[in-house]
Amino acid sequence: MSEQVQHAGHDHPEPGFFLKYCWSTDHKMIAMQYLFTGMAMAMIGGFLAYVFRMQQGFPNHYVPGFGLVTPGRYNEVVTMHGTIMIFWVAMPVLIAAFGNYLIPLMIGCDDMAFPRINRLSYQIFLLSAIVLLGSFLVKGGAFGGAWTAYPPLSASGAYNLTPIGATLWLLAVALEFVAFLLGGINFTVTVMNSRAPGMKMFDIPILIWMIVLATVIFMASAGPLIAGAVMLLFDQTMATGFYDPVRGGDPLLWQHLFWFFGHPEVYVVLLPAMGIVAEIIAVFARKKLFGYKSMLYSTWGVGILSFVVWAHHQFVAGIDPRMANVFTVTTLLISIPVAELVFLYIATLYGGSIRLDTPMLWALGFLAEFLIGGVTGIFLGSSGTDIYLHDTYFLIAHFHYTFVPIAIISVFAGITFWYPKMFGRMMNETLGKIHFWGTVIPFNVIFIPLFMTGMAGDQRRIYSYAQFAEQSRPALQHLRTTSTIGLLVMLSFQLIFIFNFFWSMRNGKRAEANPWRSTTLEWTVPSPPPHGNFAELPTVYRGPYEYGLPGRADDYWPQNAPN
Amino acid sequence: MSSQTSITDSRVALAAKTSAKRVPNSVLGMIIFVATEIMFFAGLMSAHTIAKATVLGGVWPPAGQPRLPVERTAINTTILLLSAILLLIGNRRMRTDRESALRYIAAAIACGIAFVSLQGVEWVALLREGLTMTSSSHGAFFYLIVGAHALHAVAAIIALTWVYVMMRAGKFVPSRFAATQIFWYFVVVVWPVIYLRVYL
């Protein structure tokens, strides 16, 4: 602790550009590096979505900005869209960017426990992104064996037609996991050891709890996938037969190892998103978060159950039907704690004095859209209905009704909420609201038609339905086209956000330290916070959600105010 | 207001008390890292178990593949377990007799190097007998799992040697020594499990 106090009081000379933006160990700068890299990757992932949706909406037409989508290119584009959006957008932005920025500020310390490991973590992450994007340029192109990389398709270049891309894909994922393992250790240790004096377990803001639980889930589930990835790498490069049934291997083995990680991964990104939404709802409803402890225990329940649901991805893969029954039960069980969380959010809203600023719109949008995602998941989690719906566009629509709220809507909620803290300026509210409606309405226009085409039987990962007589169904083409138009509208509204984001950095109204009148510690420092964060390290006297208190002059009571 | 202040004081006092009992950052970080490593080896071992259970013909090791040197590796396993005991004694002596502690640590490192070297000799013999990564899933899993462990053993030896050299130079960081020990014990404790599952 004495070390930290000394550190905060130091006078640092102003570092040069490289040292300041590329070699900094300051958690806020590293968070910005993650945020901007993640946003750049999101644009690439969005462009890829545009390419394959154009192929679906207007089959075999020239796609402006890309060209003709051949079957091979289609496979590459859908694979890389999934990979980028999950591993290079959701993970770095939700966990690494918000985690890095908010953990030290919200628990009241000057930096992460291991600042240099933190810097290394970002550098490895950047390298992984470069390797992944570089794979577009190699012979054969980027990996085209779907983001789940099932063998034998992924194990043999003769099947996936992208031998170099497949190996680079594995390498990039492995590097990224190393980066997030370093980051995860850092997050957990920081929150356990560096909290401000007086901040007890139940005084930690729920977002910080959820980020820590997410990293714990990630670290507990990543090992088996890394083991599986090493085996897949050997199958690709050294001609071993781990996944080759002819030589004593088992292709299903990969599916188990992948989904043992892959399903907890869903909750790894869901929890920080739920945390962001919880913080925002409490502030903008001016009400104490309903059931803080219930929320925490539900989150623990989600985390534990997330390890025993993975085989629901494999109901049609030839697993034992008795095992499928067990996994149906566990899958439906996990919806209980998640539903509990949603009920707690709604109970927080009930009777609050709700202000509909842009961050709150996003938070409410998250609840509404995620609810649709959750309810449609029940049909996929039941092994009986899944046999029909598996790998159809119903699944695609369900997945995006969970993931777009997580990776897009909650990120916008978080950015619009903490933007004043990050950049010292307010974002434009009018543009923010236009952007909100321009994103959420087209989002539904994209995916509601896909529920319908999926129920009618459209299989995913098919580049042109006209090529397959049993998949053709020309009567559904107008739904596919509607979905594509929805995407075009949604993507074009993102320009408003990009404009607002950069324009407000210079021209926005100057933000005071606590523009939303919030109680948590990050709002007690100037906007943007200086190096070392706190001029004087704070002491915490109470929980993080003291709003709407009768008998006080202000309707909120900051965590660090003695009385 | 006075009751308010006393609550405040008790909170600060509690915080001061808990901060004294905190696990050092590097030790906590290492514990979390070792937990992820355990899951990594659990992934490998369960994959191996499945491959073994579903092997064609139900014979393991598959026909035409050499048997693993169970007896020689048992001796090797003992050497590795001995290294952990030596390190444990070294840790206990650290408080009383630093010179003797350093000797025990050096002996532990020597045991670790002996283990890795003997494993290397064994690998060369097995390769000569025709067990390779591509000869069967038996060979593939053997080199994968034992190789992954060997890499960890080498990393542990490098880390402990570095700590030893630093201590000799008079730079003793207790938390760093503790973190390195945790990693060493992990490498030692995971080995008997591998031995039982892969060799026997």
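**Exercise 1. Cysteines.** Classify A:Cys22 by accessibility, as buried, partly exposed or exposed.

*Solution.* Start with the value for A:Cys22: its relative accessible area is 33%. Next, apply the cut-offs: buried means under 20% relative accessible area, exposed over 50%, and partly exposed in between (1.4 Å probe, protein chains only). So A:Cys22 is partly exposed. Now take A:Cys109, which has 0% relative accessibility and counts as buried. Finally, search for disulfides (a pair of cysteine sulfur atoms within 2.5 Å). The structure holds zero of them over all chains.

**Ground rules.** This is a predicted model, in which local features need pLDDT of at least 70, side-chain atom pairs count only at pLDDT 80 or more, and totals for chains, interfaces and linings use all residues. Residues are numbered from 1 along each chain as its sequence is written, chains are lettered from A and ligands numbered from 1 in the order in which they are written, and side-chain values use heavy atoms, with hydrogens and water left out.

**Exercise 2. Salt bridges in chain A.** Find which residue meets A:Arg73 in a salt bridge, and place the pair in the fold.

*Solution.* Fix the criterion: a side-chain nitrogen of Lys or Arg within 4 Å of a carboxyl oxygen of Asp or Glu. A search of the whole structure finds 13 salt bridges over all chains. The partner of A:Arg73 is A:Glu76, at 2.9 Å, N to O. Both residues lie in helix H4 of chain A, three residues apart, about one turn of the helix. (Helices, H or I, at least four residues, and strands, E, at least two, are DSSP runs numbered from the N terminus.) Check the environment: A:Arg73 is partly exposed at 32% relative accessibility, while A:Glu76 is buried at 5%.

Repeat for A:Lys28. Its side chain meets that of A:Asp26 at 3.4 Å, N to O. A:Lys28 is buried, with a relative accessible area of 7%. A:Asp26 is buried too, at 9%.

**Exercise 3. A bridge within a loop.** Determine how many residues apart in sequence A:Asp458 and A:Arg473 are.

*Solution.* First, the contact: the two side chains, A:Asp458 and A:Arg473, form a salt bridge at 3.4 Å, N to O. Second, the location: both sit in the loop between helix H15 (429-456) and helix H16 (477-507) of chain A, so the pair ties together parts that are 15 residues apart in sequence. Third, accessibility: A:Asp458 is buried at 1%, and A:Arg473 is partly exposed at 24%. Then look for shared partners: A:Arg286, A:Arg517 and A:Asp555 are joined by salt bridges into one network. Last, the backbone: phi of A:Arg473 is near 40°, a positive value in a residue other than glycine.

**Exercise 4. Unusual backbone.** Locate the cis peptide bond that joins A:Pro151 and A:Pro152, and the one that joins B:Trp60 and B:Pro61.

*Solution.* For the bond between A:Pro151 and A:Pro152, omega is about 5°. A:Pro152 lies in the loop between helix H5 (115-134) and helix H6 (157-160) of chain A. A:Ala149 lies in the loop between H5 and H6 of chain A. Its phi is near 55°, a positive value in a residue other than glycine. A:Ala149 is buried, at 0% relative accessibility. For the bond between B:Trp60 and B:Pro61, omega is about 0°. B:Pro61 is placed in the loop between H2 and helix H3 (70-93) of chain B.

**Exercise 5. Surroundings of A:Thr79.** List the contacts of A:Thr79, leaving aside its neighbours within four places in sequence.

*Solution.* Begin with position: A:Thr79 is in helix H4 (residues 71-107) of chain A. It is buried, with a relative accessible area of 1%. Apply the contact criterion, heavy atoms within 4.5 Å. The list is A:Phe143, A:Gly144, A:Gly145, A:Ala146 and A:Trp147.

**Exercise 6. Chain B and its interface.** Describe the secondary structure of chain B, then its contact with chain A.

*Solution.* Chain B has six helices and zero strands. Of its 200 residues, 44% count as buried. Now the interface: 30 residues of chain B are in contact with 41 residues of chain A. The chains bury about 2,900 Å² between them, 72% of it on carbon and sulfur atoms. (Buried area is the accessible area, 1.4 Å probe, that two parts lose on being put together, summed over both.) Then count charge pairs: there are zero salt bridges between chain B and chain A. On the chain B side, helix H1 (2-20), helix H2 (25-53) and helix H5 (137-168) each supply at least two residues. H2(B) gives the most, with 13 residues.
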